[in-house]
Every structure is written in structure tokens, then in C-alpha cells.
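Work through these short exercises with the model open beside you. Each task is followed by a stepwise solution.

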Amino acid sequence: GAVSAFGVNQPFILALIGIVAMLGLTVFLVSGDPSDDYLEVPTVKIRSSVPRLLRPTPAVPRKML
């Protein structure tokens with residue numbers, strides 16, 4: 001009928017409905033209660049704008065041979 005008029009076949013429609021249903025079920029299962037607070041992740045503020053890997057490191061004195 002109307003669905004085939006758009007050039008879409010039945011297996012495609014069934015697969016699309018299945019995919020949307022699984023996505024909806026996944027979102028429903030993953031989303032928790034709003035009362036569940038996320039874990040407090042401490043944020044470390046870096047004062048320098050230069051990344052640590054790019055900062056010059058002080059030379060380590062070598063042991064006397």
C-alpha cells in the first residue's frame with residue numbers, strides 16, 4: 001500500500017523499527033534516576049598554560065664516577 005509507494009520494502013521497515021526499539025530500550029536502561037548524583041570528580045587546575053610535557057625539566061645531577 002502506502003509504504004511500497006515510497007519504494008521502501010517490508011524487511012527494511014521491520015529492521016528500522018527494530019533498531020529504533022533497541023535504541024529506545026538502551027536509552028531507557030542507561031538513564032538512571034535524576035536523584036542519582038554523578039561521582040564528584042575533583043578538578044585539578046593547572047596555573048601554567050604550558051603543558052607539563054613541554055616544560056623544561058631541571059637537569060638531574062649525575063652521580064660521581
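A nonpolar patch here is made of residues with over 30% relative accessible area and no salt bridge, with nonpolar side chains joined within 5 Å. The model is predicted.

**Exercise 1.** Find the nonpolar surface patch and place one of its members.

Solution. Step 1: Met22, Leu25, Phe28 and Leu29 make up the patch. Step 2: together they offer about 470 Å² of accessible area. Step 3: take Leu29, which sits in helix 2. Step 4: exposed means over 50% relative accessible area. Leu29 has 61% relative accessibility, so Leu29 counts as exposed.

**Exercise 2.** Check the length of helix 2 against its residue count.

Solution. Step 1: helix 2 runs over residues 10-30, which is 21 residues. Step 2: at 1.5 Å a residue, the expected span is 30 Å. Step 3: the end C-alpha atoms lie 30 Å apart, which agrees.

**Exercise 3.** Is helix 2 largely in the open or buried?

Solution. Step 1: count its buried residues; the number is zero. Step 2: helix 2 therefore lies largely in the open. Step 3: widen the view. Of the 65 residues of the protein chain, 0% count as buried.

**Exercise 4.** Compare the record with the model over residues 12-30.

Solution. Step 1: an unreviewed UniProt entry annotates residues 12-30 as "transmembrane region". Step 2: in the model, this stretch is 100% helix and 0% strand. Step 3: its end C-alpha atoms are 27 Å apart.

Technical notes
Residues numbered from 1 in each chain as written. Predicted model: local features only at pLDDT ≥ 70, side-chain atom pairs only at ≥ 80, totals over all residues. Heavy atoms only, no water. Helix = DSSP H or I, 4+ residues; strand = E, 2+ residues; numbered from the N terminus. Expected span 1.5 Å × (residues − 1). Buried < 20%, exposed > 50% of the residue type's maximum accessible area, 1.4 Å probe, protein only. UniProt positions renumbered as here; feature names shortened; annotations may be inferred. Patch = residues over 30% accessible without salt bridge, like charges linked within 9 Å, V, L, I, M, F, W, Y side chains within 5 Å. Areas by Shrake-Rupley, 256 points an atom, 1.4 Å probe, with all protein chains shown as cover. Salt bridge = Lys/Arg side-chain N within 4 Å of Asp/Glu carboxyl O.
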